[in-house]
Amino acid sequence: MFKTLHKYASPMHFHALARRWSTPLLWLSAVLFAAGLAGGLVMAPADYQQGESFRIIYVHVPSAWLSMFAYMVMAGAGAVSLIWRVKLMDALARAAAPLGASFTALALATGSLWGKPMWGTWWVWDARLTSELLLLFLYLGYMALQSAIDDRRAAARAGAVLAVVGVVNIPIIHYSVEWWSTLHQPATITRLGAPAMATSMLIPLLLMALAFQLLFFALLFIRARSELLEFEQRSLWVRELLGQGSPR
Amino acid sequence: MLSTPPASLAILRREMLRLYRRRGQLMQPPLFFILVAVMFPFAVGGDENQLRALAPAVVWVALLLATTLSLEDIFRGDHEDGSLEQLVLLAGSLPGACALKALAHWLSTPVPLIAMAALMSAVHGLQNETRTALLVSLLLGTPVFSLVGTIGSALTVGVRGGALLLALLILPLYIPVLIFGAGAVRNATLSMASGSEYFFLAGLSVLAATLAPFAAAAGLRARLV
């Protein structure tokens, strides 16, 4: 297993792997999206309190989950790159940042669309909302740092430090904001005991979560591929891939 | 962290000397702080009660902004004259050196700002309890600004447009301190205990003091190697 791991940590092999897998992943995610959306928007019954507007959770909850998952991917890749100097991880971290920022923005936008009919306001300074907004700023800061430093390798390493510092800070931000004020409902599914949700509503949500997850990986692979090609543009395998022959 | 006490003393002395020689520049954060605080009466209008209610929040935010603007200087001069490379090359003492840099920054910027805040809260006629809570929370919380700021300063050293980028990177990380600090003052205004907020601020400072120097050192190595 370690040998396989080592093999796919090399940019060339990972590039080939990502090229092979990104399209099937996209298709699989599209099928799951179709199933999840049909289940969530058509088959699931309307909520007895919230009516039809509850259906926004089929986009809101998966994107909120992914907003945090993408950060863990970014920071995890950053930590690995700082410790073991794996080039691939630099590419993965850089590729994950804009995706995470998009999912965070999507979670915030859908949340405020839901908040207007339910809470009567687009935005409240609630714990979840504020820490999610700060997560968005952490992503944007990472991306700003990436674009400010010209040398890609140096930018990736500086970004890795920032991402890891951000990980330490995320629980602090989360709990400080939580103790400060709160309105957002607590977790429904990831709590101890059975989920407090009807099965007909839950299954489409899980399908959507899986679809989002696969979409994330497909896009991550595509973005990481182009990052790798730029990182490694002077290396032999990229030139061969592009049909330019050997450097000299 | 440092191999020898004399080495760390030398670094600290050099820092303080460097700051003292540019004492004109040291006046800038306090002036900026006062200017920001003075903007509020103009913006809010002359309502005494409203101003008094806003004063602690204004002091915290103005102090935070003034500190953020000064962070760029922690490593910039050293980077320009090449002594930063020497600091990185010193055997095994980079996190220690970063901690000392943070200490020097804390003494040179937040501490004068806190003195200024004490003066201003007296001028604004804050109640005694509120003033005490404000000053205690500032003293406990501002080390986080310097320590975490050292990381941001290390990451943006030698980057064009560094000051604004630094603010973008570092301000989200300051939010917890702001929440607890302003919370302590709010509690005092309502005659409630602020003990838990003090403990949180002290805890954040201790956490930052243990981890931030290592992150700043990693950041410097990432930028310079």
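This is a short dialogue on how to read a predicted model of two chains, A and B.

Reader: What should I know before I look at this model?

Author: The model is predicted, so local features need pLDDT of at least 70, side-chain atom pairs count only at pLDDT 80 or more, and totals for chains, interfaces and linings use all residues. Residues are numbered from 1 along each chain as its sequence is written, while chains are lettered from A and ligands numbered from 1 in the order in which they are written.

Reader: What is the mean pLDDT of each chain?

Author: First, pLDDT is the predictor's confidence in each residue, from 0 to 100. Where it is low, the predicted coordinates should not be read in detail. Chain A has a mean pLDDT of 84, with 90% of its residues at 70 or more. For chain B the mean is 87, and 96% of its residues reach 70 or more. The complex as a whole gets an ipTM of 0.85 and a pTM of 0.87 from the predictor.

Reader: Which elements of each chain have the lowest and the highest mean pLDDT?

Author: In chain A, helix α1 (residues 2-8) has the lowest mean, 73, and α3(A) the highest, 91. In chain B, the lowest mean, 81, belongs to helix α1 (residues 5-21) and the highest, 93, to helix α9 (residues 128-155).

Reader: How many helices and strands are there in chain A?

Author: Helices (H or I, at least four residues) and strands (E, at least two) are DSSP runs, numbered from the N terminus. Chain A has eight helices and zero strands. Its C-alpha atoms fill a box of roughly 70 × 40 × 30 Å along the principal axes.

Reader: How do I read burial, and what percentage of chain A is buried?

Author: Count the C-beta atoms around a residue: it is buried if 20 or more others lie within 10 Å of its own, exposed if 12 or fewer, and partly exposed in between, with C-beta atoms placed from the backbone. Of the 248 residues in chain A, 40% are buried. Ala109(A), in helix α4 of chain A, counts as partly exposed because it has 14 C-beta neighbours inside 10 Å. Ala109(A) also shows how the chain folds back on itself in space: Ala109(A) and His60(A) are 49 residues apart in sequence and 8.5 Å apart, C-alpha to C-alpha.

Reader: Which residues have a positive phi without being glycine?

Author: Two examples are Arg85(A), with phi near 55°, and Ser191(B), with phi of about 60°. Arg85(A) sits in the loop between α3 (57-84) and α4 (87-119) of chain A, and is exposed, with 11 other C-beta atoms within 10 Å. Ser191(B) lies in the loop between α10 and α11 (195-224) of chain B, and is exposed too, with 9 other C-beta atoms within 10 Å.

Reader: How many residues does each chain bring to the contact between them?

Author: Two residues are in contact if their C-beta atoms, placed from the backbone, lie within 7 Å. Chain A brings 22 residues and chain B 21. On the side of chain A, the largest share, 13 residues, comes from α6(A). For classes, Ala, Val, Leu, Ile, Met, Phe, Trp, Tyr, Cys and Pro count as nonpolar, Asp, Glu, Lys and Arg as charged, and the others, Gly among them, as polar. The side of chain A that touches chain B has 18 nonpolar, three polar and one charged residues.

Reader: At what angle do α6(A) and α10(B) cross?

Author: Axes are lines fitted to C-alpha atoms, for helices over the stretch in contact, and angles run from 0 to 180 degrees between N-to-C directions. Angles under 35 degrees count as roughly parallel, over 145 as roughly antiparallel, 65 to 115 as roughly perpendicular and the rest as oblique. The axes of α6(A) (residues 152-180) and α10(B) (residues 162-189) come within 10 Å and cross at roughly 30°, which means the two helices are roughly parallel. Among the residues in this contact are Leu162(A), Trp180(A), Leu169(B) and Phe180(B).

Reader: How does α10(B) pack with α4(B)?

Author: Helix α4(B) (residues 48-70) and α10(B) have axes 9 Å apart and pack at an angle of about 150°. They are therefore roughly antiparallel. The contact includes Trp60(B) of α4(B) and Tyr174(B) of α10(B), and its residues divide into 13 nonpolar, two polar and no charged.
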